[in-house]
Amino acid sequence: MELRRFCSQSRVVIVAGKGGVGKTTVTAALAVAATRAGLSVMIAEVEGTAALAATFGADPLVYEASELAPGVHARSLAPDAALIDYLESHGMRRISKRLVASGALDVVATAVPGMPDILVLGKVKSLEQERVADLVIVDAPAAGHAITFLLAAQGLLDAIKVGPIHKQASEVASLLGDPARCQVLLVTLPEETPERELVETAFAIEDRAGVALGPVVVNACVDALPCPVPDRGDALIAAAAQTDHFLSAREADDLVRAARFRDDRHAMQQEQIDILRSRLPLPQLQLPFLFTASVGPAEVELLATQLAAGIEAL
């Protein structure tokens with residue numbers, strides 16, 4: 001599938017997954033890939049961490065938009081800030097000032113179950129309607145909270161039948177239920193536990209929240225070795241004899257053990273990938289394991305290239 005077409009299927013993409021699977025990294029890679037296709041991107045970070053900004057080597061995000069890379073802007077969407085924004089945009093600036101002055105802002109923003117989520121999703125809906133960018137990417141909460149995050153609108157619609165909260169929830173539900181406007185991109189690792197949780201999350205999102213699912217991103221996949229692992233360290237010693245470098249028998253044996261470990265790891269991951277494919281019939285995009293201590297701009301560029309290649313192969 002052509003990259004620009006993929007990134008234009010929905011105006012909002014919500015990236016979700018179990019904590020630790022790399023959904024923030026995938027968010028960054030997708031944003032960079034989209035800009036390569038000529039699209040402008042707005043990232044909405046909803047958990048209040050500094051991980052996304054650090055990935056781009058930038059300062060921590062605030063509510064107002066800031067540029068992370070050419071064509072990529074981002075903002076942190078906190079419920080209290082979203083509430084102030086909502087009040088001021090609806091002609092209630094004086095009320096918002098009183099809430100701030102009285103210290104009751106956080107109490108009001110979290111008074112009703114589901115209210116924090118609907119405030120954040122309401123702002124995402126506004127960003128989409130205002131066309132602040134060609135693509136809005138939401139770095140969503142971890143998988144457990146992601147389900148309640150996406151169900152907040154329906155819960156408030158069932159509980160509140162009239163008024164501005166009902167209107168906001170109705171508009172958010174319309175956004176989430178329209179595949180041309182919104183889809184969810186789930187991220188996992190090629191391991192049993194995160195894959196099991198991803199499958200449960202996928203069915204909950206589609207059946208209960210009614211949100212369309214995009215491909216599954218399988219992150220941190222170890223590539224296969226380019227050649228078979230030798231049986232003895234002598235094979236590596238012989239290979240080293242063809243170069244200017246010398247390997248001792250111990251070094252060669254260590255390299256053989258490392259190669260076997262990587263080969264076993266690749267085989268185990270492939271087994272889990274096949275199991276996931278059988279349990280969840282969605283297209284898969286695989287990203288490589290990066291042998292680095294942290295992910296920065298250079299790694300994001302590399303992952304964006306790999307992600308674009310996977311999309312083109314769909």
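Biologist: What makes up the area that the protein chain exposes?

Modeller: In this predicted model, the chain exposes about 15,200 Å², and carbon and sulfur atoms supply 55% of that.

Biologist: And how much of the chain counts as buried?

Modeller: That label needs under 20% relative accessible area, and 45% of the 314 residues get it.

Biologist: Why is helix 2 called largely enclosed?

Modeller: Go by the same cut-off, under 20% relative accessible area. In helix 2, 12 of the 14 residues are buried, so the rest of the structure largely encloses this helix. Among them are Lys23, Val26, Leu30 and Ala34.

Biologist: How do you know that the length of helix 2 agrees with what a helix should span?

Modeller: Count 1.5 Å a residue, times one less than the number of residues. For the 14 residues from 23 to 36, that should give 20 Å, and the end C-alpha atoms are 20 Å apart, so the two agree.

Biologist: What follows helix 2?

Modeller: Gly38 comes after helix 2, with a positive phi near 90°.

Biologist: Now the strands. How do you know that strand 3 and strand 4 pair?

Modeller: Pairing takes at least two bridges. Strand 3 (residues 66–69) and strand 4 (residues 72–76) have 3 bridges, in the antiparallel sense, so they count as paired. One of the bridges puts Ser66 opposite Ala74 in strand 4.

Biologist: What sits between strand 3 and strand 4 in their hairpin?

Modeller: There are 2 residues between them, and Gly71 in the turn has a positive phi of about 85°.

Key: Residues are numbered from 1 along each chain as its sequence is written. This is a predicted model: local features need pLDDT of at least 70, side-chain atom pairs count only at pLDDT 80 or more; totals for chains, interfaces and linings use all residues. Side-chain values use heavy atoms; hydrogens and water are left out. Buried means under 20% relative accessible area, exposed over 50%, partly exposed in between (1.4 Å probe, protein chains only). Accessible areas come from the Shrake-Rupley method with a 1.4 Å probe; for residues, only the protein chains shown count as cover. Helices (H or I, at least four residues) and strands (E, at least two) are DSSP runs, numbered from the N terminus.
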